[in-house]
Amino acid sequence: MRRVAVLGATGSIGASTLDVIARHPARFTASVLAAHSKVDELVALCVRFRPRLAVIADAALENELARKLRHAGVDCAVAGGPDAVTAAASGELCDTVVAAIVGAAGLESTLAAARAGKRLLLANKESIVMAGPLLLAALREGGGDLVPIDSEHNAIFQCLPGGRPALAAAGVRRIILTASGGPFRGHTRADLAAITPAQAVAHPRWSMGPKISVDSATLMNKGLEVIEAHYLFNAAPDDIQVLVHPQSLVHSLVEYLDGSVLAQLGNPDMRTALAHALAYPERIEAGVPPLDLATAGKLEFEDPDTETFRCLALAFAALRAGGDATAILNAANEVAVAAFLGGTLHFLGIADIVETVLAELPPEPVVDIPTLVARDGAARAAARRVLSRAYC
Ligand code: NAD
Ligand code: MG
């Protein structure tokens, strides 16, 4: 029985994970459920999944959670605060951790799970974008395995022989990440000036949380995924290509030296990646309808428009700049996306903020977590300054 800690249980990935777990009660148990602040949703999940431990990251809500669980007749341990999330990720109650917290808030728990040798199902791409070298070191230290959940990286993982081998030794020429292009594919910069948050979060293919939906609309999501691929597969920036594929049926491809290109296809539903990663190396039912290629229509591919969607170019530039530039990019982007969702920044301003902050804070070496967290804070402060200068 695999004992799974679902960090970010109340989110979109959390829901997909729990759906797969519920289909296989003899294989998996959700032994830890953690969320940020939605107490009632967390309680409802605890009633259904009966975890050994429930954690609420907002410590002020711990008593409320304990009281509501008692009233609901759920007998499990309760903890509150970010440190409790991190402790749960490395604690005895789980052997598998689904890192599905959104944003830099997921960093410490992801690292803790890696260091403790858990099987790490990584959805929280921001943690690897921020701290790639530290996460890889933590994985080596812990000796556990990492299976990517991001659909593109999960696809690449599936197209490589035996997990995450050295690419050159495996005869890989390059990795091709597909991108849906988001809701504004084909639009011009002029079209994008007046985009509203509601338009940006309405993704044509995937149903996701608000932050990643905005990232998909700006193509920053693909930029973060290029960085994620660089660290996960040790691929040079020049060996990673982005290809727009609006149907989102081909989730990514690996091109080999002999000319073979292997792809992973499936309906756009995160339960495929989650089922794959939970059961790996076995295969299990995920609840995803079979892909019917005869009725799927045309599969199209095109190059991304990085002049309109500048965030993708900025992410490549940050990756090439090295050091902690990708952490700076991520922090500035989180602040800019929050401002856009809050109605204080226009859509095209997201790239402007990220570009300005990257220029203000030249890269420094990635040394350790405290330094990185301080740099993340400095980048957020710089982003807020730029925001107040230019947009208030
Ligand atoms: P979401 O907004 O739906 O859910 C986020 C979850 O994180 C919630 O459970 C929330 O309670 C929790 N959370 C937020 N802040 C927290 C904090 N400070 N401490 C503890 N928990 C906190 O987001 P999502 O779409 O499920 O995405 C989660 C992660 O997975 C993101 O990093 C995203 O990039 C990645 N991802 C998502 C998808 C997808 O299809 N949704 C696909 C690939 C990767
Ligand atoms: Mg993805």
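Okay, let's start with Phe-340: at 1% relative accessibility, this residue counts as buried, because the cut-off for that word is under 20%. Before I go on, please keep in mind that this is a predicted model.

So who sits with Phe-340? One partner is Phe-347, and the two ring centres are 5.6 Å apart. Their planes are at 65°, so we call this pair edge-to-face. Phe-347 is buried as well, with a relative accessible area of 3%. And there's a further ring to bring in: Phe-184 joins Phe-340 and Phe-347 in a cluster linked by ring pairs.

How many aromatic pairs does the count come to? It comes to 3. Let me show you another of them, Phe-157 with Tyr-280. Here the ring centres lie 5.1 Å apart and the planes are at 70°, so this pair is edge-to-face too. Now find the two residues along the chain. Phe-157 is in helix 7, residues 151-159, while Tyr-280 is in the loop between helix 12 and helix 13. The pair therefore ties together parts that are 123 residues apart in sequence.

Is Tyr-280 buried or partly exposed? With 24% relative accessibility, Tyr-280 counts as partly exposed, because buried would need a value under 20%. Phe-157, on the other hand, is buried, at 5%.

Next, the metal. Which residues give the protein donors of the magnesium ion, ligand 2? They are Asp-150, through OD, plus Glu-152 and Glu-225, each through OE. These donors lie 2.1 to 2.3 Å from the ion. If you want to spot them in the sequence, the spacing is D-x1-E-x72-E. So Asp and Glu come with one residue between them, and then there's a stretch of 72 before the next Glu. As for burial, Asp-150 has a relative accessible area of 8% and is buried. Glu-152 is also at 8%, and counts as buried.

Last stop, the second largest pocket. Its volume is about 260 Å³. There are 15 residues lining this pocket, and the closest to its centre are Thr-272, Ala-286, Val-288, Pro-289 and Pro-290. Where does the largest share of the lining come from? From helix 12, residues 270-279, which gives 3 residues. You've heard of that helix already, since the loop holding Tyr-280 runs between helix 12 and helix 13. By type, the lining of the pocket divides into 8 nonpolar, 5 polar and 2 charged residues.

That's my tour, thanks for listening!

Technical notes
Residues numbered from 1 in each chain as written. Chains lettered and ligands numbered in written order. Predicted model: local features only at pLDDT ≥ 70, side-chain atom pairs only at ≥ 80, totals over all residues. Heavy atoms only, no water. 1 Å grid on protein atoms, 1.4 Å probe; cavity = no way out; pocket = protein on both sides within 12 Å on 5 of 7 lines; lining within 4 Å. Points joined across faces, edges and corners; volume = space filled by probe spheres on them. Helix = DSSP H or I, 4+ residues; strand = E, 2+ residues; numbered from the N terminus. Nonpolar A, V, L, I, M, F, W, Y, C, P; charged D, E, K, R; others polar. Donors = N, O, S within 2.8 Å, 3.2 Å for Na, K, Ca; no water. Buried < 20%, exposed > 50% of the residue type's maximum accessible area, 1.4 Å probe, protein only. Phe/Tyr/Trp six-rings, centres within 6.5 Å; stacked < 30°, edge-to-face > 60°.
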